[in-house]
Amino acid sequence: MHLARFPRVRLFPAPTPLHRLDNLTRALGGPEIWIKRDDCTVVATGGNKVRKLEWLIGEAKAKGATHIVTQGAVQSNHVRQTAAVARICGMTCTALLEHRVETNDRDYLASGNVLLDKLFDCRIEYRPSGLDMNAEAEKKGEELRAAGEAAYVIPGGGSNTVGALGYVSCAQELMQQADEMGIAFDRLVTATGSAGTHAGLVVGLEGCNANVPILGIGVRLPKDRQEANVYKLACATADYVGLKTPIRREAVVANCDYVGQGYGIPTEGMAEAVRMLAREEGILLDPVYSGKAMAGMIDLIRKGEIGKKERVVFLHTGGAVGLFGYTGFFDKAA
């Protein structure tokens, strides 16, 4: 896969760190746990969307866009990173924030990612829960174009074939690091939500014949819908990059048992995982994605579904800024 054929803007120093979590491994009695630190992509406190934005903004610039439109939940990590990258590139950003979590909590509505969105001078519009938010973003883009703006619309999570290139590239980067370090991984674990990260990783690992299975821990949808979304995007991305080998359906696996009551609604397992990583490794997870993904991985280790003799790498997708939107929950759960 020759990714240099696609327009790209470089936004962070690569590769992101890959290191072993000795204390967590010891606390759980195995397996050997490693972490790929995509919380260290620098821009706006980092996170996985920066990788996607390298390609999305690359295409936007190639098309002459000056105004970026995107969407997400109120505490969207994606919106925060998109707003920051837009400013770096001299672009305006409009974000539609969905009230996906029903709450009047001031921290959730005004702190964390929302505070940073405003500092980046993002133009925020709110939408009620339940709308087709990508369709809403497209409508906003059309409205701006009708007013003479050169608008480029990025879907929620940056999850389309262009954005997924960020994680095709990440899979290649991870395998190069593993090869240079002489490490063979038995499994990759990550959060799976809007599907772009998961799909890109599938295409990247399948494309280099890595033979490393990916387990996505779902944060929103039930298993059948999540796997269908990831597989559809993986196939489209594979076609986009010209991968000759079809994506195997069995390469897409999601465990959606750790969503809890819904997207963005905290769970006790998430709280335990956030505290454990903070206290064992000095690493901050977020309450919506990486926290629930780590909670799932920890539980699967305890149940023996992830073997004690495996070598597992956890992809940290960032988002610790979101913790400030959940201070009330962590105060009560302390």
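A pocket, in these notes, is an open set of grid points where a 1.4 Å probe fits, with protein on both sides within 12 Å along at least five of seven lines. I'm working on a predicted model.

**Entry 1: the second largest pocket**

I looked up the space in the second largest pocket and got about 290 Å³. It has 17 lining residues, and the closest to its centre are L205, E206, N211, R248 and A251. Which helix gives the most to this lining? I found α8, with four residues. I then sorted the lining by class: 10 nonpolar, four polar and three charged.

**Entry 2: helix α8**

α8 kept turning up, and I went through it next. The helix runs over residues 196-207, which makes 12 residues. From first C-alpha to last I get 16 Å, close to the 16 Å expected at 1.5 Å a residue. Is α8 mostly covered or mostly open? Mostly covered: 10 of the 12 residues are buried. I listed them as G196, T197, H198, A199, G200, L201, V202, V203, G204 and L205. L205 is thus on the buried list, and it is also among the residues closest to the centre of the second largest pocket.

What does the covering? I noted α2 (49-62), α7 (161-181) and α9 (223-241) among the helices, and β7 (187-192), β8 (214-218) and β10 (311-316) among the strands. Just past the helix I checked N209, where phi is positive, near 55°.

**Entry 3: the largest pocket**

Back to pockets. The largest has a volume of about 800 Å³. I count 39 residues in its lining, with R100, G156, G193, S194 and R220 the closest to the centre. Which elements each supply at least two lining residues? My list reads α2, β3 (67-73), α3 (77-88), α6 (133-146), β7, α8 and α9. So α8 has a part in this lining as well as in that of the second largest pocket. By class I have nine nonpolar, 23 polar and seven charged residues here.

**Entry 4: the whole chain**

I finished by zooming out. The protein chain holds 12 helices and 10 strands. Its C-alpha atoms fill a box of roughly 60 × 50 × 35 Å along the principal axes. Why call the chain a compact globule? Because 334 residues packed that way would give a radius of gyration near 20 Å, and I find 19 Å, which agrees. Buried residues come to 59% of the 334. For contacts between residues at least 6 apart in sequence, I get 80% joining residues at least 24 apart.

Conventions
Residues numbered from 1 in each chain as written. Predicted model: local features only at pLDDT ≥ 70, side-chain atom pairs only at ≥ 80, totals over all residues. Heavy atoms only, no water. Expected span 1.5 Å × (residues − 1). Buried < 20%, exposed > 50% of the residue type's maximum accessible area, 1.4 Å probe, protein only. Contact = heavy atoms within 4.5 Å. 1 Å grid on protein atoms, 1.4 Å probe; cavity = no way out; pocket = protein on both sides within 12 Å on 5 of 7 lines; lining within 4 Å. Points joined across faces, edges and corners; volume = space filled by probe spheres on them. Nonpolar A, V, L, I, M, F, W, Y, C, P; charged D, E, K, R; others polar. Rg over C-alpha atoms; globule rule 2.2 N^0.38 Å.
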